[in-house]
Amino acid sequence: MILTVTLNASVDIRFTVKEFRRGGVFRSTDDKQSAGGKGLNVTRVLAQLGAPVLATGLLGGSNGDFIATELDARGIEHAFVRIAGNTRVCIAILEEGVQTEVLGRGPNVSGAELEGFFSQFRRLLPRAKIVTLSGGLPPGVPAGTYGRLIEAAKGHGVAVILDTSGAPLAAGIKAGPFAVKPNRSELETLVNRRLDGEADLARAMSEIAQSGVENVIVSLGAQGALALVQGRFYRVTVPRIKAVNPVGSGDATVAGLAWGIYQGLEVQSALALAAACGVSNAMELDTGCIDPAAVEKLITEVKVERMAGL
Ligand code: ADP
């Protein structure tokens with residue numbers, strides 16, 4: 001199965017309002033509470049794709065209970081480690097397609113709780129074919145944590161897809177994950193310079209590959225993606241769509257990629273599936289949500305081509 005890791009899960013609350021401005025009081029026309037955190041978005045999309053998925057990570061308090069109940073209601077298998085602190089809340093205010101977000105920091109995680117998670121991870125690894133590591137880390141969890149998880153997975157011959165940013169991404173790359181999926185701004189932060197055209201992006205991607213990452217996929221929103229797969233560059237072009245809510249498209253991309261690799265698809269098909277999932281998520285109001293029928297159609301509209309001269 002595909003093992004998804006969410007160390008800083010959240011209860012996502014989305015309010016839809018007609019009008020929003022600082023300092024005002026507004027009544028929502030629609031509100032929704034869901035299990036969130038990037039890893040849980042990946043999990044939900046994998047389940048929608050019909051992939052075998054097991055979700056793990058850290059959950060605590062009544063917010064943690066809510067997430068476990070949500071996963072149960074969807075029939076998604078999970079094996080989280082319980083912690084003393086309460087899982088965070090993230091709030092999104094949606095106003096005519098424009099989203100404003102406030103993200104909770106997350107509970108403090110003790111050293112013993114983190115070690116408990118490492119034990120859990122090692123117990124689950126023998127059942128996993130692919131691991132996805134997504135999102136930021138809660139307070140108390142060191143930046144090198146993903147690196148430790150990658151090393152443990154590699155010891156079992158399990159491929160890891162890493163999708164995070166900042167210090168956890170930089171530290172995780174050193175452990176040589178199978179794939180990373182930064183977006184443009186995450187990649188710019190990583191290499192500490194602005195990346196304008198494709199040549200700039202390609203150079204930065206090569207640098208990451210040289211530090212021991214086999215596959216680098218840089219997602220570029222409506223511009224699709226560039227991928228460096230075992231030394232070959234690909235350009236992924238996506239159809240023009242009316243985006244409803246692109247938040248979580250990167251997570252949907254990771255889910256599509258994981259499912260493509262799991263099924264042993266060849267490179268171009270796996271990249272097309274990944275991109276189609278990203279596009280489908282952008283067409284849905286819910287974050288971390290795809291329409292499997294739309295994905296089938298979008299796959300035929302996504303173009304994946306080798307980049308000449310690279
Ligand atoms: P992230 O959520 O990590 O910032 P992106 O915004 O780059 O990721 O989106 C991931 C993928 O989702 C893109 O590569 C593309 O395939 C798809 N996507 C995102 N936004 C749009 C959009 N507005 N139109 C079409 N496809 C999109």
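Start by selecting Lys181 together with the ligand: an N or O atom in the Lys181 side chain sits 3.2 Å from a ligand oxygen atom, where a polar contact is a pair of N or O atoms within 3.5 Å. You are looking at a predicted model, in which local features need pLDDT of at least 70, side-chain atom pairs count only at pLDDT 80 or more, and totals for chains, interfaces and linings use all residues. Numbering runs from 1 along each chain as its sequence is written, and side-chain values use heavy atoms, leaving out hydrogens and water.

Next, add Asn183, which has a polar side-chain atom 2.9 Å from a ligand oxygen. Then pick Ser219, where the corresponding separation is 2.8 Å. The ligand on its own exposes 550 Å², and the protein buries 85% of that (accessible areas by the Shrake-Rupley method, 1.4 Å probe).

Now show the whole shell, taking residues with a heavy atom within 4 Å of the ligand. Among its 17 residues, Asn183, Ser219, Gly221, Gly224 and Gly250 come nearest. Colour the shell by class and you will find eight nonpolar, eight polar and one charged residues, with Gly counted as polar. Helices α8 (249-262) and α9 (267-282) each give two or more residues to this shell; helices here are DSSP runs of H or I, at least four residues.

For a last stop, select α3 (residues 111-124) and α4 (residues 145-155). Their axes, lines fitted to C-alpha atoms over the stretch in contact, come within 11 Å and cross at roughly 25°. That makes α3 roughly parallel to α4, a label for angles under 35 degrees. The crossing of α3 past α4 is right-handed, meaning the near helix is turned clockwise from the far one by less than a right angle.

Definitions and conventions: Polar contact = N/O pair within 3.5 Å; in protein donor to acceptor, adjacent residues only side chain to side chain. Axes fitted to C-alpha atoms, helices over the stretch in contact; angles between N-to-C directions. Parallel < 35°, antiparallel > 145°, perpendicular 65-115°, else oblique.
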